[in-house]
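Let's take a walk through this model, charges first and backbone oddities last. Keep the viewer open as you read.

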Amino acid sequence: MTSEVVLIGRNNVGKSTLFNKMTNSNSALVGNEKKLTRDRLSFYLKIKEKKILLTDTAGITFKTNEFEKKVLEQTYFAIKNANLILFIVNAKESISSEDHFINEILRKTSKKILLVVNKIDLMNEKFEINNFFELGYKEKFIISASRGTGIQNLIEKGIIPNIKEKKNKKKYNNEKNPKKIIKVTFVGAPNVGKSTLINKIINKKRVITSNISGTTRDSINIPLKKNNKNYILIDTAGIKRKNKILEKIQLFSIKKTLENINQTDITLFIIDISKLKIYKEDLNVAKKIIEAKKPIIVVFNKCDLLNKKKLKNFSIDISKKLNFLYYCQFQFISALKNQGIKKLLNNINVTYHSSLKKNNSSKLTIILKEAIKKHQPPNIQGKKIKLKYAHPGGYKPTIIIIHGNRTKYLPKTYKKYLANYFQNTLNLIGSPINIFFKENKNPFS
């Protein structure tokens with residue numbers, strides 16, 4: 001039983017600040033710059049036994065170009081699906097023509113609307129609040145989103161009494177049910193087609209797509225139920241090459257993307273294959289994913305733009321440049337043409353279940369003995385390195401702990417050999433393996 005409460009208003013009235021305060025998070029990007037919010041951002045709340053989906057939206061304006069029209073489509077969709085609308089205005093400024101424009105749009109709907117006057121902490125004259133009565137609302141809620149003033153009153157006297165619960169079978173982005181929901185994060189450099197791919201998978205225009213670099217700023221969580229499986233698809237901002245001077249927006253976006261990589265179940269590492277080149281940005285993204293030790297599927301998008309010969313030659317080239325991702329599946333798709341999407345979903349499931357595999361000590365020790373038999377550890381200073389047994393240390397991803405003597409002297413090449421051997425023998429598709437070595441103590445020393 002869920003109601004959707006949507007924050008609506010012009011630019012810079014404090015919608016995202018209020019969203020963050022109510023959700024007790026830093027999910028939404030906030031700042032003094034205009035038009036920071038683009039896609040709608042939702043968060044699932046439970047307040048006094050009532051389930052609420054709180055949605056932040058882009059500022060509404062009547063001066064729009066083609067790109068901004070796409071942004072506003074998401075806001076209008078949120079209005080259409082809302083059970084309750086919080087119309088946010090700025091107490092610091094007088095009523096603007098855009099406030100009137102938004103008010104006209106909202107009045108044409110049959111939705112319940114609450115007028116919320118924000119930024120009272122910045123207001124100099126008391127009479128300015130009374131000016132907002134001309135919008136036609138008998139009641140208004142006075143708040144300071146940045147300081148948290150008035151928010152509890154807004155929730156108790158405004159939101160709770162005015163939401164009507166309706167049946168909704170969907171599970172939303174932050175609902176805690178990790179055993180049943182597979183989190184899939186879409187990561188890559190700007191303009192590789194992450195948002196287009198998500199829209200194709202869910203068969204909706206849920207996230208904004210454009211040729212403009214940096215279109216996606218916030219990380220957008222999208223629930224999906226397909227073939228009796230629950231997913232959360234996470235669209236992220238494109239990770240750009242390192243710059244000594246990064247804007248606040250870029251820093252926030254990169255931080256959110258890295259957080260999502262660390263918290264996800266599977267990362268889809270997306271590369272634009274049409275450029276016939278692996279860029280430094282791509283390799284930097286790959287390194288971040290590897291550092292997080294998460295299952296990966298490497299997705300080469302826009303393959304419809306290449307002929308078979310170019311595709312074959314590029315495949316050979318990438319196998320060399322991305323050899324450090326030896327355990328991953330490589331998937332060639334065209335998100336725009338809807339090619340390879342069904343197979344990609346199947347590979348997501350295979351990779352996820354591979355990361356869940358559990359192994360016992362007996363099986364792991366047998367594999368270790370087989371690996372040693374085929375390739376002995378090197379002698380160090382005339383002394384042998386002895387590896388005795390192995391046991392599991394965890395899964396998601398797979399962790400193996402190997403006990404032995406003089407393990408600290410094992411060279412990286414042999415450690416890599418063991419990792420590859422376990423990877424292949426256990427058939428861990430797309431899921432990394434982490435091996436730790438533990439020195440056996442000598443009881444006679």
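What follows goes from salt bridges to cysteines, then to a surface patch and a few loop residues.

A word on ground rules: this is a predicted model, so local features need pLDDT of at least 70, side-chain atom pairs count only at pLDDT 80 or more, and totals for chains, interfaces and linings use all residues. Residues are numbered from 1 along each chain as its sequence is written, and side-chain values use heavy atoms, with hydrogens and water left out.

How many salt bridges turn up in a search of the whole structure? The search finds three, taking a salt bridge as a side-chain nitrogen of Lys or Arg within 4 Å of a carboxyl oxygen of Asp or Glu. Start with Arg 10 and Glu 93, whose side chains meet at 3.0 Å, N to O. Arg 10 sits in the loop between β1 (2-8) and α1 (15-23) and Glu 93 in the loop between β4 (84-90) and α3 (97-107), so this pair ties together parts that are 83 residues apart in sequence. Those element names come from DSSP runs, numbered from the N terminus: helices are H or I with at least four residues, strands are E with at least two.

Arg 10 also has a salt bridge with Asp 99, the closest N and O atoms again being 3.0 Å apart. Here the link runs from the loop between β1 and α1 to helix α3, 89 residues away along the chain. Put together, Arg 10, Glu 93 and Asp 99 form a network of salt bridges.

Is each partner buried or exposed? The cut-offs are under 20% relative accessible area for buried, over 50% for exposed, and partly exposed in between (1.4 Å probe, protein chains only). Arg 10 counts as buried because its value is 7%, and Asp 99 is buried as well, at 0%. Glu 93, at 38%, is partly exposed.

Now for the other salt bridge: Asp 272 and Lys 302 meet through their side chains at 3.3 Å, N to O. Asp 272 is in strand β10 (residues 266-272), while Lys 302 is in the loop between β11 (296-301) and α9 (308-321), 30 residues apart. Asp 272 is buried at 7%, whereas Lys 302 is partly exposed at 23%.

What about disulfides? The whole-structure search finds zero, using a cut-off of 2.5 Å between a pair of cysteine sulfur atoms. Two cysteines to look at anyway are Cys 303, buried at 12%, and Cys 328, buried at 11%.

Next, look at Lys 384, in the loop between α11 (361-374) and β13 (386-394). Lys 384 counts as exposed because its relative accessibility is 59%. Its neighbour in numbering, Ile 385, is in the loop between α11 and β13 too, but Ile 385 is buried at 5%. The C-alpha atoms of Ile 385 and Thr 407 are 6.5 Å apart, with their positions 22 residues apart along the chain.

Last, the backbone. Asn 228 is not a glycine, yet its phi is positive, near 65°. You'll find Asn 228 in the loop between β8 (220-226) and β9 (229-235), exposed at 73%. Asn 427 likewise has a positive phi, about 55°. Asn 427 lies in the loop between α12 (412-426) and β15 (433-439), and is partly exposed at 43%.
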